[in-house]
Amino acid sequence: GQVLIEGIEFIGARAGDLNGAGLRLEGGQLTVRRCLFYGNQTGILTGGGDQTSLLVEQSEFAYNGHGDGLSHHLYAGGLASLTVTGSYFHHANVGHHIKSRAARNRIAYNRLTDESGGQASYELEFPDGGVADVIGNVVQQSASTRNSAIISYGAEGLKWPHNALRLVHNTLVND
């Protein structure tokens with residue numbers, strides 16, 4: 001179905017498999033608006049599915065990740081689409097700010113900044129390719145990053161029939 005989650009704080013989610021998510025999506029169409037994801041092993045974690053979509057608006061992700069590099073602020077599996085707008089991602093604990101395996105991605109008008117003391121790996125990763133429109137974001141990588149690349153695209157091969165990375169009007173800062 002279609003679900004809206006609005007104005008909720010997801011803090012401190014833990015699981016024995018070190019992948020405790022503040023919010024987990026397995027199917028349907030989910031909109032997350034004005035929520036906080038703080039100190040979870042993973043902020044949002046999704047499964048896949050060609051009918052599954054995630055929209056994140058005006059939300060904040062801070063200090064998520066177990067510290068093993070396998071958990072992230074937002075990890076989207078093989079969804080039909082991921083859209084993230086007007087949100088603030090900072091201080092990922094070794095993982096990525098956004099990792100998406102979705103067929104279509106729209107990452108627009110966000111602040112994805114590792115800031116002083118941040119230890120994120122990639123700020124954006126699209127390991128399976130797909131269409132990724134990255135528009136009007138401020139993306140900053142700290143000097144203490146665990147990975148020298150700010151954005152990774154197609155590193156595990158191009159899975160989708162349509163693949164394109166479009167970077168438009170972004171500010172990229174590599175400290």
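How many salt bridges does a search of the whole structure find? I started my notebook with that one, and the search finds eight. A reminder to myself: this is a predicted model.

**Entry 1: Asp128 and Arg101**

I looked at Asp128 first and found its side chain in a salt bridge with that of Arg101, at 2.9 Å from N to O. The two residues sit 27 apart, so I checked where each one lies, counting a run of at least two residues as a strand. Asp128 is in the loop between strand E15 (124–126) and strand E16 (131–135). Arg101 is in the loop between strand E12 (98–100) and strand E13 (104–108). The pair therefore links distant parts of the chain. Are these two residues buried or exposed? I found both Asp128 and Arg101 buried.

**Entry 2: Arg166 and Asp133**

Next I turned to Arg166, whose side chain meets that of Asp133 in a salt bridge at 2.5 Å, N to O. Why does this pair tie together separate parts of the sequence? Arg166 lies in strand E19 (residues 164–168) and Asp133 in strand E16, so the contact joins parts that are 33 residues apart. I then looked up accessibility for each partner. Asp133 has a relative accessible area of 16%, and because the cut-off for buried is under 20%, Asp133 is buried. Arg166 comes out at 40% relative accessibility, so I noted Arg166 as partly exposed.

**Entry 3: Glu115 and Arg111**

Here I found another salt bridge, between the side chains of Glu115 and Arg111, at 3.0 Å from N to O. Arg111 has 40% relative accessibility, so Arg111 goes down as partly exposed.

**Entry 4: a network**

Which residues are linked in a network of salt bridges? I wrote down Glu6, Arg33, Arg34 and Glu57. A general note for the margin: side chains of opposite charge can pair when their charged atoms come close.

**Entry 5: the sheet**

I moved on to the strands. Six of them form an open sheet, with parallel pairing, in the order E3-E6-E9-E12-E15-E18. Which strands stand at the edges? They are strand E3 (21–25) and strand E18 (151–153). Each has a single partner strand, so one side of each is left without a neighbour in the sheet. From one strand to the next, the twist averages 5 degrees.

**Entry 6: E12 beside E15**

Last, I zoomed in on one pairing within the sheet. E12 and E15 pair in the parallel sense, over two bridges. I also jotted down that Lys99 stands opposite Glu125 in E15. Back in Entry 1, the loop holding Arg101 follows E12 and the loop holding Asp128 follows E15.

Terms used
Residues numbered from 1 in each chain as written. Predicted model: local features only at pLDDT ≥ 70, side-chain atom pairs only at ≥ 80, totals over all residues. Heavy atoms only, no water. Salt bridge = Lys/Arg side-chain N within 4 Å of Asp/Glu carboxyl O. Helix = DSSP H or I, 4+ residues; strand = E, 2+ residues; numbered from the N terminus. Buried < 20%, exposed > 50% of the residue type's maximum accessible area, 1.4 Å probe, protein only. Pairing = 2+ DSSP bridges. Axes fitted to C-alpha atoms, helices over the stretch in contact; angles between N-to-C directions.
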